[in-house]
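Hi,

Here is the structure I promised to pass on. Have a look at it first, and then read my notes below.

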Amino acid sequence: MPFSRLPGFPELFTGWTSQGAITTAERGGTCVGLLALAPAPPPYIPPGLIPGGAVFIHTIMSARGPAGHGVGHALLEEAARRAGAQGAPALALDHWAGSAELDQIYDKHGFVKTGEYEDDQDGGPAKLNTVRVRHLLPH
């Protein structure tokens, strides 16, 4: 299902845009990636999985195929740069726990698994999500 059809996503996206939390990646005049950062994790992340003061990646996506080659890496590095510029000790995110591909990508970029939680916010069956943190300062 496209993100635009997920319950509440259009409103969430509008809020991110009004807060200046959105960064896009373009190639040849076409949007090939999107990053949404926030100064704090969403309230449904269990306490203790993310260090205080961490910047949270709410959404990161890139185009599939050649158009998106290297975009995810560039957006993750931009997120780390922005978080570091704010003095944040870490960068955090969550993702679907059943994806070996995401595990590999985030491991490669220095994100360490700190825990898991069940998400049943959309009213459907609960999904298991993984929380990961990339430390930017020694801890």
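Let's start with a question: how far apart should the ends of α2 be, with its 15 residues at 1.5 Å a residue? The expected span (1.5 Å times one less than the number of residues) is 21 Å, and the end C-alpha atoms are 21 Å apart, which agrees.

Before going further, two notes on the basics. This is a predicted model, in which local features need pLDDT of at least 70 and side-chain atom pairs count only at pLDDT 80 or more, while totals for chains, interfaces and linings use all residues. Residues are numbered from 1 along each chain as its sequence is written, and side-chain values use heavy atoms, with hydrogens and water left out.

**The sheet**

The names of the elements come from DSSP runs, numbered from the N terminus: helices are H or I with at least four residues, and strands are E with at least two. Six strands make an open sheet in the order β1-β2-β3-β4-β6-β5, and the pairing is mixed. (Two strands pair if DSSP finds at least two bridges between them.) β1 (22-27) and β5 (112-119) each have a single partner strand, so they stand at the edges, with one side left without a neighbour in the sheet. From one strand to the next, the twist averages 25°. Angles here run from 0 to 180 degrees between N-to-C directions, using axes that are lines fitted to C-alpha atoms, for helices over the stretch in contact.

In case pairing is new to you: strands of a sheet pair through backbone hydrogen bonds, either parallel or antiparallel. At one edge, β1 runs antiparallel to β2 (residues 30-38), and six bridges join them. Arg-27 is found opposite Thr-30 of β2. At the other edge, β5 and β6 are antiparallel and joined by seven bridges, with Asp-119 opposite Lys-127 of β6. β6 also pairs with β4 in the antiparallel sense, over seven bridges; there, Asp-94 has Val-131 as its bridge partner.

Try looking at Thr-24 in strand β1. Its C-alpha atom is 4.5 Å from that of Leu-34, though the two are ten residues apart along the chain. Thr-24 counts as partly exposed because its relative accessibility is 41% (buried means under 20% relative accessible area, exposed over 50%, partly exposed in between, with a 1.4 Å probe and protein chains only).

**The helices**

α2 (residues 71-85) lies across β1, β2, β3 (55-62), β4 (90-96) and β6 (127-135), at about 160° to β3. α3 (residues 100-108) lies across β3, β4 and β6, and runs at about 170° to β4. Which residues of α2 are buried? They are Val-71, Leu-75, Leu-76, Glu-78, Ala-79, Ala-80 and Ala-83, and the buried residues of α2 pack against β1, β2, β3, β4, α3 and β6. Just after α2 comes Gly-87, with a positive phi of about 80°.

**The cores**

A nonpolar core is a set of buried Ala, Val, Leu, Ile, Met, Phe, Trp, Tyr and Cys residues joined through side-chain atoms within 4.5 Å. The largest one has 17 residues, and those touching the most other members are Leu-35, Leu-37, Val-55, Ile-57, Ala-79, Leu-91 and Phe-111. β2, β3, α2 and β4 each supply at least two residues of this core, and α2 gives the most, with six. Another core, of ten residues, lies apart from it and includes Leu-49, Ile-50, Phe-56 and Ala-92.

**The aromatic pairs**

Rings of Phe, Tyr and Trp (its six-membered ring) pair if their centres lie within 6.5 Å; planes under 30 degrees apart are stacked, over 60 edge-to-face, and the rest tilted. By this rule there are two aromatic pairs. Tyr-44 and Tyr-117 form a tilted one, 6.0 Å centre to centre with 40° between the planes. It links distant parts of the chain: Tyr-44 is in the loop between β2 and β3, and Tyr-117 is in strand β5, 73 residues apart. Are these two rings' residues buried or partly exposed? Tyr-44 is partly exposed, at 33% relative accessibility, whereas Tyr-117 is buried, with a relative accessible area of 5%. Tyr-106 and Phe-111 form an edge-to-face pair, 5.7 Å centre to centre with 70° between the planes, and both are buried.

Happy exploring!

Definitions and conventions:
Contact means heavy atoms within 4.5 Å.
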